Amino acid sequence: MDYNKIGKFIATERKAKKLTQAKLAEKVFVSEKTVSKWENGKGLPDTNLLPKLCEVLGVGLNELLNGEKNITENKNQNTEQLLLNMAKELEMKNKTIWKSMWVIMTVSLIALLTALLLTAFLMPKGIWQLVSVLSLCIVFLIPCFYAFKLEINIGVYKCKNCSCEIIPSYTEALWAMHIGTTRYLKCPNCHKRTWCKKVIK
């Protein structure tokens, strides 16, 4: 599946409808950043968003998934097979990223605790011990932020009120209160803040 071709097709059809990326994002309940990713060939819309996206752009599902208009069945796979392939591809990627995120967090935490214990018992008390502890904590934050970015890039957050699927920007998710991977976000559909659970798809 050609991500770049599909992205260019989405951009062309959006412009033909005189929609900005922000307006299209609003209509399909995603962030502007997500639409930008699609159009730059860095990702595909989730399967549950495809019908709404096709409706807004005024194109057929086959046309969208093939990145061009007037697709004939003899020339391309049928819609069901395309959807199945895309769903499997996304599922595999999401599972790999999700596992990577937890591995990074676990290894980083173990490394931090080990380093803090060694610093506490092996280094003489004083300013250098304090500097070492602070440095270790700062270094620990680097993999934490990377793991957080992985979390944001996969799946969606589901609104508790209206079940709208939310893909927040990195900044929105970073500053939102959270318990594990459940974050307190504002829904673009019902405009209410609620605890949104992460859904891996």
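Student: When do two strands count as paired here?
Tutor: Two strands pair if DSSP finds at least two bridges between them; strands (E, at least two residues) and helices (H or I, at least four) are DSSP runs, numbered from the N terminus. This is a predicted model, in which local features need pLDDT of at least 70 and side-chain atom pairs count only at pLDDT 80 or more, while totals for chains, interfaces and linings use all residues. Residues are numbered from 1 along each chain as its sequence is written, and side-chain values use heavy atoms, with hydrogens and water left out.

Student: How many bridges join β4 to β5?
Tutor: Four bridges join β4 (residues 182-186) to β5 (residues 193-199), and the two run antiparallel. Lys-186 stands opposite Arg-193 in β5.

Student: And what is the strand order in the sheet?
Tutor: The open sheet has five strands in the order β2-β1-β5-β4-β3, with antiparallel pairing. β2 (165-166) and β3 (178-179) each have a single partner strand, so one side of each lacks a neighbour in the sheet.

Student: Changing topic, how many disulfides are there?
Tutor: Taking a disulfide as a pair of cysteine sulfur atoms within 2.5 Å, the count is zero. For Cys-54, the nearest cysteine sulfur, that of Cys-164, is 18 Å away.

Student: Why is Cys-137 not bonded to Cys-144?
Tutor: Their sulfurs are 10 Å apart, which is too far for a bond.

Student: Is Cys-54 buried or exposed?
Tutor: Cys-54 is buried, at 7% relative accessibility, whereas Cys-137 is partly exposed at 32%. Buried means under 20% relative accessible area, exposed over 50%, and partly exposed in between (1.4 Å probe, protein chains only).
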